[in-house]
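Good morning, colleagues. I should like to take a few minutes to go through one structure with you, beginning with its interior and then turning to its sheet.

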Amino acid sequence: MDVTITGRKIQVTDDFKEQVSRRMAELDSRVDKVIRAEIHAQAETRGSSEAVRVEITLIGKGPVVRAEAIADDKSQAFDDAFDHLKTRLRKAQDRRRSHRNLRKVGFSEPSLETHSDPEPAKTPIAVKRVAGLEIQGDGPMVVREKLFLSAPLTLAQALDEMELVGHDFFLYVDADSSRPSVVYRRKAYDYGVIHLQVI
């Protein structure tokens, strides 16, 4: 597994790199499809105090797995995020055991994420095209576009991927109906599903 460590507004020390390498080596036996791990540490100001946010992202042949945590120092934030990551992986493994054949051994396409940040035109009045909208000047919209390549999924697979990235919703194309769909977390452990009928 290739491990990349980056810092923003914070110094990445050799001790921190060693801590990350040691802890990430624990995952090699659990996660066989992970190609790359990205660890990003960022200093944040919260009111009058300083904090550090650490985000761990596992990228490979399967779905992207992500966890993050905030603490007073980067070592504690990394440990907390790593614990969240292990919990997500354990829950996903338990779900796969209880739902046999939930996910095939490999995917036909890896999960890819590309970012497209809008750039203002170099004219006196800036004009931006974002998601099909034309924005002139300093509009109140702050938009970031993302493109994900994905094969159609069953509801069980979409739930599994939602748990792995730690989000409250997950957008996917339903394998049975070929409809755009969203699965979302409700209170407690209930889930809801929204299907769109394209007209």
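What we have here is a predicted model. Let me start with the largest nonpolar core, which comprises 24 residues. Met-24, Ile-39, Val-54, Ile-56, Leu-58, Phe-78 and Leu-85 have the most contacts inside this core. As for where its residues come from, at least two are supplied by each of α1, β2, β3, β4 and α2, the last of these spanning 74-98. Helix α2 gives the most, with seven residues. As general background, nonpolar side chains in soluble globular proteins tend to be buried together.

Let us take one member of the core, Leu-58. Leaving aside residues up to four places away in sequence, Leu-58 touches Met-24, Leu-27, Val-34, Arg-36, Ala-37, Pro-63, Val-64, Val-65, Leu-85 and Leu-89. Apart from the largest core lies another, of seven residues, including Leu-153, Leu-159, Tyr-172 and Val-183.

I now turn to the sheet. In what order do the four strands of the open sheet lie? The order is β1-β2-β3-β4, and the pairing is mixed. At the edges are β1, residues 2-8, and β4, residues 65-71, each of which pairs on one side only. From one strand to the next, the twist averages 15°.

Within this sheet, β2, residues 34-46, and β3, residues 49-60, run antiparallel and are joined by 12 bridges. Arg-46 stands opposite Ser-49 of β3.

Finally, helix α1, formed by residues 14-25, lies across β1, β2 and β3. Its direction makes an angle of about 145° with β1. Thank you for your attention.

Conventions:
Residues are numbered from 1 along each chain as its sequence is written. This is a predicted model: local features need pLDDT of at least 70, side-chain atom pairs count only at pLDDT 80 or more; totals for chains, interfaces and linings use all residues. Side-chain values use heavy atoms; hydrogens and water are left out. Two strands pair if DSSP finds at least two bridges between them. Axes are lines fitted to C-alpha atoms, for helices over the stretch in contact, and angles run from 0 to 180 degrees between N-to-C directions. Contact means heavy atoms within 4.5 Å. A nonpolar core is a set of buried Ala, Val, Leu, Ile, Met, Phe, Trp, Tyr and Cys residues joined through side-chain atoms within 4.5 Å. Buried means under 20% relative accessible area, exposed over 50%, partly exposed in between (1.4 Å probe, protein chains only).
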